[in-house]
Amino acid sequence: MSSERKLRSALETVCVEHFIFSREAATLNTQEVRAIARIQSQWRSYSIRQQFKRLKIASLRIQTCFRGFCGRKRAHSFSLERS
């Protein structure tokens with residue numbers, strides 16, 4: 001009987017330790033998941049901001065070229081009227 005009690009006590013100790021370690025692992029896993037989600041969120045927002053900057057620069061370039069084209073066309077029509 002004494003050896004059975006020792007075994008039960010050891011089993012109980014192992015089960016409690018396993019439960020504690022499992023809970024700590026789950027907490028660490030949750031923290032890792034939150035950290036990963038945060039990093040992904042920051043990366044997505046950074047990449048979207050960079051994409052927006054590129055689109056803004058491209059649209060400004062298109063506007064500049066079109067306004068230049070319209071200005072040259074208008075200047076050309078004025079020069080034809082004066083001649």
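Student: Why is C70 called partly exposed?

Tutor: In this predicted model, C70 has a relative accessible area of 34%. Buried means under 20% and exposed means over 50%, so C70, at 34%, counts as partly exposed.

Student: How do you know that C70 is not in a disulfide with C65?

Tutor: A disulfide needs two cysteine sulfur atoms within 2.5 Å. The sulfur of C70 is 11 Å from the closest cysteine sulfur, in C65, and is therefore too far for a bond. A search of the whole structure finds zero disulfides. C65 is likewise in no disulfide, with the sulfur of C70 as its nearest cysteine sulfur.

Student: Is C65 buried, exposed or partly exposed, and what makes you say so?

Tutor: C65 has a relative accessibility of 40%. That value is neither under 20% nor over 50%, so C65 counts as partly exposed.

Student: What about Q50: where does it lie, and why is Q50 called partly exposed?

Tutor: Q50 lies in helix α1. Its relative accessible area is 23%. Since buried means under 20%, Q50 is not buried, and the value of 23% makes Q50 partly exposed. You can also follow the chain from here: L60 is 10 residues from Q50, and the C-alpha atoms of Q50 and L60 are separated by 15 Å.

Student: Which residues does helix α1 take in?

Tutor: Helix α1 covers residues 2-82, and S77 is found in it. The secondary structure of the protein comes to one helix and zero strands.

Student: What makes the contact between S77 and R74 a polar contact?

Tutor: A polar atom of the S77 side chain lies 2.7 Å from the backbone oxygen of R74. The cut-off for a polar contact is 3.5 Å, and 2.7 Å is within 3.5 Å, so the pair meets that distance limit. As for its surface, S77 counts as partly exposed because its relative accessibility is 32%.

Student: How do you know that the protein is not a compact globule?

Tutor: Set two values side by side. A compact globule of 83 residues would have a radius of gyration near 12 Å, but the protein has 36 Å. Along the principal axes, the C-alpha atoms fill a box of roughly 120 × 10 × 5 Å.

Student: What share of the residues counts as buried, and how much surface is accessible?

Tutor: Of the 83 residues, 0% count as buried. The accessible surface comes to about 8,300 Å², and 62% of it belongs to carbon and sulfur atoms.

Student: How many charged side chains are there?

Tutor: The protein has 17 positive and 6 negative side chains, and the centres of the two sets lie 27 Å apart.

Methods. Residues numbered from 1 in each chain as written. Predicted model: local features only at pLDDT ≥ 70, side-chain atom pairs only at ≥ 80, totals over all residues. Heavy atoms only, no water. Helix = DSSP H or I, 4+ residues; strand = E, 2+ residues; numbered from the N terminus. Buried < 20%, exposed > 50% of the residue type's maximum accessible area, 1.4 Å probe, protein only. Polar contact = N/O pair within 3.5 Å; in protein donor to acceptor, adjacent residues only side chain to side chain. Rg over C-alpha atoms; globule rule 2.2 N^0.38 Å. Areas by Shrake-Rupley, 256 points an atom, 1.4 Å probe, with all protein chains shown as cover. Lys, Arg positive; Asp, Glu negative; His and termini not counted. Charge placed at Lys NZ, Arg CZ, Asp CG, Glu CD.
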